Amino acid sequence: MKLLIVEDNARVSGLLKRGLENQGYQIYISEDAEDALLILKRVKFDLVITDIMLHKMDGLELSKKIKENYEDLPIIMLTALGTIDEKIEGFDAGADDYMVKPFELRELYARIKAVLQRKGLSHNLPKKEFLTYRNLKINENTKSVFRDDIEISLTPKEFKLLHFMMENPERLLTRDEIAESVWGNNFDTGTNYIDVYITYLRKKIDKNFDEKLIHTKSGMGFILTYNI
């Protein structure tokens with residue numbers, strides 16, 4: 001399934017690309033609306049994600065032009081503008097959904113699925129087999145973990161923690177977020193269980209590799225990234 005992202009901020013587009021590719025989508029990036037329209041002539045897409053604040057032609061005008069030529073192509077708008085009037089303007093321009101920055105990648109994944117289902121395209125949704133980040137890979141079917149094709153044995157809780165971090169790469173995860181997603185709502189965040197399991201993961205995932213992926217941000221949380 002092919003998605004076109006129109007975003008002039010390279011950091012944002014890169015983060016979206018990595019996250020959505022991990023979900024199984026094939027991602028194309030365009031930095032401006034005019035280039036996006038040229039790409040649309042060459043490639044058949046299933047959905048467009050566009051920022052509103054673009055150079056030259058903004059996302060509102062781009063959406064109108066897309067709907068003129070590709071009436072059934074769904075569009076999700078991303079913007080820092082979040083008033084009711086601005087949202088209505090986005091929908092009037094042809095947006096099928098509208099997300100205000102900053103947002104969680106998990107919410108974007110859910111919005112994409114919902115829009116595609118409304119458009120009758122849910123049968124095209126990618127079926128993930130692997131979740132990957134750098135040379136770290138999870139096989140979703142067998143629940144196996146590999147780094148540089150070397151299989152790493154994890155306990156069920158370690159696997160769940162790593163899986164959550166790989167679903168949210170390069171994003172700082174707080175202890176509360178990890179506790180809720182991995183241990184459930186009744187977890188006591190006053191304990192040091194999360195720190196202990198992060199230590200377990202580091203020993204298994206990072207110890208024998210030069211590039212370290214699991215990092216602690218003191219007093220803030222944990223992050224899966226190579227760029228630190």
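Biologist: Before we look at this predicted model, what does "buried" mean, and which residues of the salt bridge between Asp206 and Arg147 are buried?
Modeller: A residue is called buried when its relative accessible area is under 20%. The side chains of Asp206 and Arg147 meet in a salt bridge, with N to O at 2.9 Å. Asp206 lies in the loop between α8 (193-205) and β10 (214-217), whereas Arg147 belongs to strand β8 (residues 144-147), so the pair ties together parts that are 59 residues apart in sequence. By that cut-off, the buried residues are Asp206 and Arg147.

Biologist: How many residues apart in helix α5 are Arg111 and Glu107?
Modeller: The side chains of these two residues, Arg111 and Glu107, form a salt bridge of 2.7 Å, N to O. Arg111 is partly exposed at 24% relative accessible area, and Glu107 is partly exposed too, at 34%. Both sit in helix α5 (residues 105-118), where about one helical turn separates them because their spacing in the helix is four residues.

Biologist: Which residue forms a salt bridge with Arg175, and in which helix does that partner lie?
Modeller: The closest N and O atoms of this pair, Arg175 and Asp195, are 2.6 Å apart. The pair links distant parts of the chain, 20 residues apart, with Arg175 in helix α7 (residues 175-183). Arg175 counts as partly exposed at 25% relative accessibility, and its partner, at 27%, is partly exposed as well. The partner is Asp195, in helix α8.

Biologist: How many salt bridges does a search of the whole structure find?
Modeller: Side chains of opposite charge can pair when their charged atoms come close. Some residues are linked in a network of salt bridges, namely Glu7, Asp51 and Lys101. Across the whole structure, the search finds a number of salt bridges equal to 13.

Technical notes
Residues numbered from 1 in each chain as written. Predicted model: local features only at pLDDT ≥ 70, side-chain atom pairs only at ≥ 80, totals over all residues. Heavy atoms only, no water. Salt bridge = Lys/Arg side-chain N within 4 Å of Asp/Glu carboxyl O. Helix = DSSP H or I, 4+ residues; strand = E, 2+ residues; numbered from the N terminus. Buried < 20%, exposed > 50% of the residue type's maximum accessible area, 1.4 Å probe, protein only.
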